[in-house]
Amino acid sequence: MKKPKITLTLIDQKGHMGCHREHCIGDTFDFDTERGKLCPMAMHVAFPYIDILRYGGKLPSQSDGSIVFCCPDVDVINVFKIEIKEVSD
């Protein structure tokens, strides 16, 4: 079983301060090759979702089918979307 390609995209910022890692809306990170560029606090929240998705699990999603999460920093509150692209054999 090949693991799907997973990307994380910053889609919104709800806090009153800028991101400490200078992430901006529209920034996209490939989980396999760029996860080290993602804020460690956001990565800590994202990892359980990604782990489930990479091994065939399903998660509750938004009405449009997307999976979103936010960073735990209450001053920043970056909202990320997880996208899955299946890898063919």
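Strands here are DSSP runs of E at least two residues long, and helices are runs of H or I at least four long, both numbered from the N terminus. With that in hand, M17 is easy to place: this residue is found in the loop between β1 (5-13) and β2. The model is a predicted one, so keep that in mind throughout.

**Two residues from the N-terminal part**

Sticking with M17, its contacts beyond the neighbours within four places in sequence are D75 and V76. V68 is another matter: M17 and V68 are 51 residues apart in sequence and sit 20 Å apart in space, C-alpha to C-alpha.

D30 belongs to strand β2 (residues 28-30). Once neighbours within four places in sequence are set aside, D30 touches K5, I6, T7 and R35. R35 also does something with a ring: its charged end sits over F31, 4.4 Å from the ring centre.

So how do M17 and D30 compare for burial? Buried means under 20% relative accessible area, and partly exposed runs from there up to 50%. Here is how they fall:

| Residue | Relative accessibility | Class |
|---|---|---|
| D30 | 12% | buried |
| M17 | 39% | partly exposed |

D30 counts as buried because its value is 12%, while M17 is partly exposed because its value is 39%.

**The aromatics**

Rings count as a pair if their centres lie within 6.5 Å, and by this rule there are 2 aromatic pairs. One of them is F69 with F80, a stacked pair at 5.3 Å centre to centre with 15° between the planes. This pair ties together distant parts of the chain, since F69 lies in strand β3 (residues 67-70) and F80 in strand β4 (residues 78-85), 11 residues apart. Both F69 and F80 are buried. Add Y49 and you have one aromatic cluster of Y49, F69 and F80.

**Helix α2**

Helix α2 (residues 40-54) has 15 residues and reaches 19 Å from its first C-alpha to its last, close to the 21 Å expected at 1.5 Å a residue. Where does α2 kink? The kink, of about 40°, lies at A46, shortly before the proline P48.

Which residues of α2 are buried? They are A42, M43, A46, I50, L53 and R54. An α-helix has 3.6 residues a turn, so residues three or four places apart point the same way. The buried residues of α2 pack against β1, α1 (31-34), β3 and β4. Just after α2 comes G56, with a positive phi of about 90°.

Definitions and conventions
Residues numbered from 1 in each chain as written. Predicted model: local features only at pLDDT ≥ 70, side-chain atom pairs only at ≥ 80, totals over all residues. Heavy atoms only, no water. Phe/Tyr/Trp six-rings, centres within 6.5 Å; stacked < 30°, edge-to-face > 60°. Buried < 20%, exposed > 50% of the residue type's maximum accessible area, 1.4 Å probe, protein only. Lys NZ or Arg CZ within 6 Å of the ring centre and 35° of its normal. Contact = heavy atoms within 4.5 Å. Expected span 1.5 Å × (residues − 1). Bend = angle between axes of the 7 residues up to and from the residue.
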